[in-house]
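Hello,

Here is the structure I promised to pass on to you. Please have a look at it first, and then read on for what turned up in it.

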Amino acid sequence: MKNFIILTLILFTSCSLSAAVDVIVHPSNANAIDAGDIKKIFTGKAKSFADGSKALPITQADGNPATDEFNQNVLNKSSSQLKAYWSKLVFTGKGTPPEEAANDAEVVSLVSKNPNLIGFVSKGSADGSVKVVQSF
């Protein structure tokens, strides 16, 4: 029993450490972006950065550990809650969900080429072609 508890704690700790995410933007984006700004952009409540430039969020597929971590820790919603949220906005014509990338590498590639994009990747996946603005 004691070994089971220790093994469970080790697994839980390693899972929670590996699921951290970095929010990234183009290196030319000089805006100060906090967690509240990120939440507003990814829920369609804000359409621009503080300097007035357009903010286009890009997300990753459901079931991706980075997506699950981002949804829970930044948006405070489960994947099903987020789907219901976007379905309501789409149905009422009040919004469209963020575009979706296949994985971390695609998010980094897209954000590095477009100063209006903001995305998230697994911690440590960002390279010098993008700027990390927040980590969760």
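**Pockets and aromatic pairs**

Strand β2, residues 56-60, gives the most to the lining of the largest pocket, namely 3 residues. Please keep in mind that this is a predicted model.

The largest pocket holds about 290 Å³ of space. It is lined by 16 residues, and the closest to its centre are A55, L56, P57, T96 and P98. Sorted by class, the lining of the largest pocket has 10 nonpolar, 3 polar and 3 charged residues.

On to the second largest pocket, where about 250 Å³ of space lies. Here too 16 residues form the lining, and T59, D62, L82, W86 and E100 are the closest to the centre. Which elements each supply at least two residues of this lining? They are β2, α3 and α4, the last of these spanning residues 79-92. The largest share of the lining comes from α4, with 4 residues. By class, the second largest pocket is lined by 8 nonpolar, 5 polar and 3 charged residues.

Now to the aromatic rings. A pair of them is described by how far apart the centres are and by the angle between the planes. The count for this model comes to 4 aromatic pairs. One of them is F70 with F120: the ring centres are 4.1 Å apart and the planes stand at 10°, so this pair is stacked, since planes under 30 degrees apart count as stacked. The pair links distant parts of the chain, with F70 in helix α3 (residues 65-73) and F120 in strand β4 (residues 117-122), 50 residues apart.

Are these two residues buried or exposed? F70 is buried, with a relative accessible area of 0%, and F120 is buried as well, with a relative accessible area of 0%; the cut-off for buried is under 20%.

Y85 and W86 make another pair. Their ring centres lie 5.4 Å apart and their planes are at 80°, so the pair is edge-to-face, as the planes are over 60 degrees apart. Both Y85 and W86 are buried. You have met W86 already, among the residues closest to the centre of the second largest pocket.

Finally, F70 and F120 turn up once more: together with F42 they form one aromatic cluster.

If you would like a place to begin, try the F70 and F120 pair, with one ring in helix α3 and the other in strand β4, and then look for strand β2 in the lining of the largest pocket.

Enjoy exploring, and best wishes!

Note on methods. Residues are numbered from 1 along each chain as its sequence is written. This is a predicted model: local features need pLDDT of at least 70, side-chain atom pairs count only at pLDDT 80 or more; totals for chains, interfaces and linings use all residues. Side-chain values use heavy atoms; hydrogens and water are left out. Rings of Phe, Tyr and Trp (its six-membered ring) pair if their centres lie within 6.5 Å; planes under 30 degrees apart count as stacked, over 60 as edge-to-face and the rest as tilted. Buried means under 20% relative accessible area, exposed over 50%, partly exposed in between (1.4 Å probe, protein chains only). On a 1 Å grid over the protein atoms alone, a cavity is a set of points where a 1.4 Å probe fits but cannot get out, and a pocket is an open set with protein on both sides within 12 Å along at least five of seven lines; lining residues have an atom within 4 Å of a point. Grid points are joined across faces, edges and corners, and a volume is the space filled by probe spheres set on the points. Ala, Val, Leu, Ile, Met, Phe, Trp, Tyr, Cys and Pro count as nonpolar, Asp, Glu, Lys and Arg as charged, and the others, Gly among them, as polar.
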